[in-house]
Every structure is written in C-alpha cells, then in structure tokens.
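Work through the following exercises with the structure open beside you, and try each task before reading its solution.

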Amino acid sequence: MSAPSTTQTNGPLLRDIHLPPQPSWWPLAPGWWGLMILALLVVGLVIWWWRRQRRRHAEERHVLAEVDEALALWREQPQALASGLHQLLRRGALRIDPTAAQQRGDAWRQTLATMPVDASTLEQLHALEASMYRPGMVLDADAAAHATRRWLLLAWRKGTSMRTSRAVASKKLAGAHP
C-alpha cells in the first residue's frame, strides 16, 4: 500500500465565513408601521382639536361682535339698546336652557343666575329687562354691554360643553337600548 500524500487535503475545500446582506429599509418592520399609524392618529386628533377650538373661538368672537354692533347702533337710544342686548341674552340662554325663550320674571332671573358672574353683572342684566319697558329709565350703555359680554361668553362656553356631554350621553343611551 502506498502512503497518503501530504498534498491531499483532509476534506472538502471550504470558503471563508461570509455575512448575510444588509437588511433593506423597505419593507418596514411591523413596529415601524404601528408607530406610523399611531403618529398619523395623533396628528389627526391634534388637527381636529385645533379646528374645533378655532371654530369655537370664531363663534365666540361673532357673538361678542354682535354686542358691539348693538352698542354702536343704539348707544343713544337706551330702550332700543336694552332690547337688543336682552335679545342677545335670550339667544345665548337657549344654549344652556331650551326653555329660555319662554321664561319670564323669576324663571328668567334664575336662568341668568346660572352663570357664575358677580352681583353687579347680574344687576346690570336685570336692569336691561326693566329698561326695555321704561322709556325714561337711564341705562349705562357701556356697563350693560360689558355685563352682556361676560354673561354671553360664559353661557357660550357652558353651552358648548353641555352639548358635548349631551351628545356623549345620548350616544351611550342609544348604545344601551338597541
């Protein structure tokens, strides 16, 4: 027998260790997709909230501009000014109490008192009702307009929050009773 040659290898020839190719950036891993969806939801909610706030502030500015318009039109006519401001108060009160248009006397005063305003503001608002029907009564136009603005702004904001809570409650009731 012959002796094995030293030039013969002891097994097959192997290549050197090689690394797999670098992962591509596309398609993304599932975690990145979830993060993108979450980011889109957050951006969508922020845009929705921002537009809602912008619309609410625009509506508030419009309501307060109506007070300024009434003051500019009827500053020299206290009875007409009182009537115009009272009409704006009634419209604002409808946001917090659907029966406010029919209220008179003490019921109307209680509706006015539902807003957290000071006593002098309430006195100015009560004076509006008296000034509408008494032609010779003196009315401080600026104080009446300021009191109306304060009350309307509070009523507008409370009415907005009440409508939101009513909508949520009605959705819950609708879901509970199919």
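A residue counts as buried when its relative accessible area is under 20%, as exposed when that area is over 50%, and as partly exposed in between. The model used throughout these exercises is a predicted one.

**Exercise 1. Classify the partners of a salt bridge.**
Decide whether Asp 68 is buried, partly exposed or exposed, and then describe its salt bridge with Arg 149.

*Solution.* Begin with the accessibility of Asp 68, which is 37% in relative terms, so that Asp 68 counts as partly exposed. Turn next to Arg 149, whose relative accessible area of 25% makes this residue partly exposed as well. The two side chains meet in a salt bridge, with a distance of 2.4 Å from N to O. Finally, locate the partners: Arg 149 belongs to helix α5 and Asp 68 to helix α1, so the bridge ties together parts that lie 81 residues apart in sequence.

**Exercise 2. Examine further salt bridges.**
Find out where the partners of Glu 66 and of Arg 150 lie, and how accessible each residue is.

*Solution.* Start with Glu 66, whose side chain meets that of Arg 91 in a salt bridge of 2.8 Å, N to O. This pair links distant parts of the chain, since Glu 66 is in helix α1 and Arg 91 in helix α2, 25 residues apart. Glu 66, at 18% relative accessibility, counts as buried, whereas Arg 91, with a relative accessible area of 46%, is partly exposed.

Continue with Arg 150, which forms a salt bridge with Asp 118, their closest N and O atoms being 2.7 Å apart. Arg 150 lies in helix α5 and Asp 118 in the loop between α3 and α4, so this pair ties together parts that are 32 residues apart in sequence. Arg 150 is partly exposed at 30% relative accessibility, and Asp 118 is partly exposed with a relative accessible area of 32%. To complete the picture, note that Arg 56, Glu 60 and Arg 157 are linked in a network of salt bridges, and that the count of salt bridges comes to eight.

**Exercise 3. Trace the nonpolar core.**
Which helices supply the largest nonpolar core, and what does Leu 85 touch?

*Solution.* The largest nonpolar core has 29 residues, and those with the most contacts inside it include Leu 85, Leu 125 and Trp 151. Helices α1, α2, α3, α4 and α5 each supply at least two residues of this core, and the largest share, eight residues, comes from α5. Now follow Leu 85, one of the buried residues of α2: leaving aside residues up to four places away in sequence, Leu 85 touches Val 67, Ala 70, Leu 128, Ala 144, Ala 145 and Thr 148. Among these, Val 67 and Ala 70 are buried residues of α1. As a general background, nonpolar side chains tend to be buried together in soluble globular proteins.

**Exercise 4. Compare helix spans and describe a crossing.**
How far does α1 reach from its first C-alpha to its last, and at what angle do α3 and α4 cross?

*Solution.* Helix α1 has 45 residues and reaches 66 Å, close to the 66 Å expected at 1.5 Å a residue. Helix α2, with 16 residues, reaches 22 Å, close to its expected 22 Å. For the crossing, the axes of α3 and α4 come within 11 Å and cross at roughly 145°, and the crossing is right-handed. The residues that meet there include Trp 108 and Leu 112 in α3, and Leu 122 and Leu 125 in α4.

Note on methods: Residues numbered from 1 in each chain as written. Predicted model: local features only at pLDDT ≥ 70, side-chain atom pairs only at ≥ 80, totals over all residues. Heavy atoms only, no water. Core = buried A, V, L, I, M, F, W, Y, C linked by side-chain atoms within 4.5 Å. Buried < 20%, exposed > 50% of the residue type's maximum accessible area, 1.4 Å probe, protein only. Helix = DSSP H or I, 4+ residues; strand = E, 2+ residues; numbered from the N terminus. Contact = heavy atoms within 4.5 Å. Salt bridge = Lys/Arg side-chain N within 4 Å of Asp/Glu carboxyl O. Expected span 1.5 Å × (residues − 1). Axes fitted to C-alpha atoms, helices over the stretch in contact; angles between N-to-C directions. Left-handed = near helix turned anticlockwise from the far one by under 90°.
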